[in-house]
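Hi everyone, thanks for coming. I'd like to walk you through one model today, so let's put it up on the screen.

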Amino acid sequence: MNNFNAASLKSASVGKLLLRLLWVRLGFAGVAVLFSLLDVIAKPIYQLVAGIDGLISIVALIINIISVILFLIWLHRLHADLKNLFQEYPITPGGAVARFLIPVYNIWGMANVLSTFADKFKPEGGDLTSFSEEVRASIGLLYGFTIVSQALTRFLLKESFNNPQNESLTVWYLLSTALDLGIAFVLLQLTKNMGTAVIQKSKRVIA
């Protein structure tokens, strides 16, 4: 099929790097939840480590940005592989990136990319069908976590500017960090399931 061979798989190496980075991102998100919880239940103790929390937040932000960029690179290469693995894969590499990256368009686009992937792998049988079902199940979680997180972020920015002394903000920050943890987990699962499905599909094609 299109002279495909193992060396032609473009997404494997960047996928491994992305998975490692997403594990790191998940770890930092978990630490952020712990610090936020400490701020809620033991503020005097939190004040002693607030500087560390601030530093971790800066590092976590950098890791998040890098992981998003690497995810888009991986997504592009993954769809180049899909074009080789399936004779008629409907989404181009550039189209996949655009569906995730362009504001408003990505409201429909992200679900389209993930559901198209799931639809293609569902008839394959065995583990590939299982991977497709897990990808499809992740769509609602990704949208739910992302939409609520963005709405909460806007609320926190507005409230911290207008009413910075509001003590209830710490609870909302805790919720925000929990949502970030959820997003990190979903992205990790999507990357793992989609990447593994493509690798297994390539082995079938080569065989």
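One cut-off before we start: I call a residue buried when its relative accessible area is under 20%, exposed when that area is over 50%, and partly exposed in between. Please also keep in mind that this is a predicted model.

Let's apply that to Lys 43. Its relative accessibility is 37%, so Lys 43 counts as partly exposed. Which residue does Lys 43 form a salt bridge with? The partner is Asp 39, and the closest N and O atoms are 2.8 Å apart. Asp 39 falls into another class: with a relative accessible area of 13%, Asp 39 is buried.

Asp 39 takes us to helix H1, where it is one of the buried residues. Others in that list include Val 14, Gly 15, Leu 18, Leu 21 and Leu 22, and further along Val 33, Phe 35 and Ser 36. What do the buried residues of H1 pack against? They pack against two helices, H2 (43-85) and H6 (169-206).

Here is a little geometry check for the computational crowd. Helix H1 runs over residues 12-41, which is 30 residues, and at 1.5 Å a residue the expected span is 44 Å. The C-alpha atoms at its ends are 44 Å apart, so expectation and model agree.

Back to the charged pairs. How many salt bridges does a search of the whole structure find? It finds 4.

Another of these joins the side chains of Arg 136 and Asp 119, at 2.2 Å from N to O. Arg 136 sits in helix H5 (residues 126-162) and Asp 119 in helix H4 (residues 105-121), so this pair ties together parts that are 17 residues apart in sequence. As for accessibility, Arg 136 at 39% counts as partly exposed, and Asp 119 at 45% is partly exposed too.

Next, please look at Lys 201 and Glu 124, which form a salt bridge with the closest N and O atoms 3.1 Å apart. This pair links distant parts of the chain: Lys 201 is in helix H6 and Glu 124 is in the loop between H4 and H5, 77 residues apart. Is Lys 201 buried or exposed? Its relative accessible area is 10%, so Lys 201 is buried. Glu 124, at 24% relative accessibility, counts as partly exposed.

And that pair has company: salt bridges with shared partners join Glu 124, Lys 201 and Arg 204 into one network.

That's my tour, and I'm happy to take questions.

Note on methods:
Residues numbered from 1 in each chain as written. Predicted model: local features only at pLDDT ≥ 70, side-chain atom pairs only at ≥ 80, totals over all residues. Heavy atoms only, no water. Helix = DSSP H or I, 4+ residues; strand = E, 2+ residues; numbered from the N terminus. Expected span 1.5 Å × (residues − 1). Buried < 20%, exposed > 50% of the residue type's maximum accessible area, 1.4 Å probe, protein only. Contact = heavy atoms within 4.5 Å.
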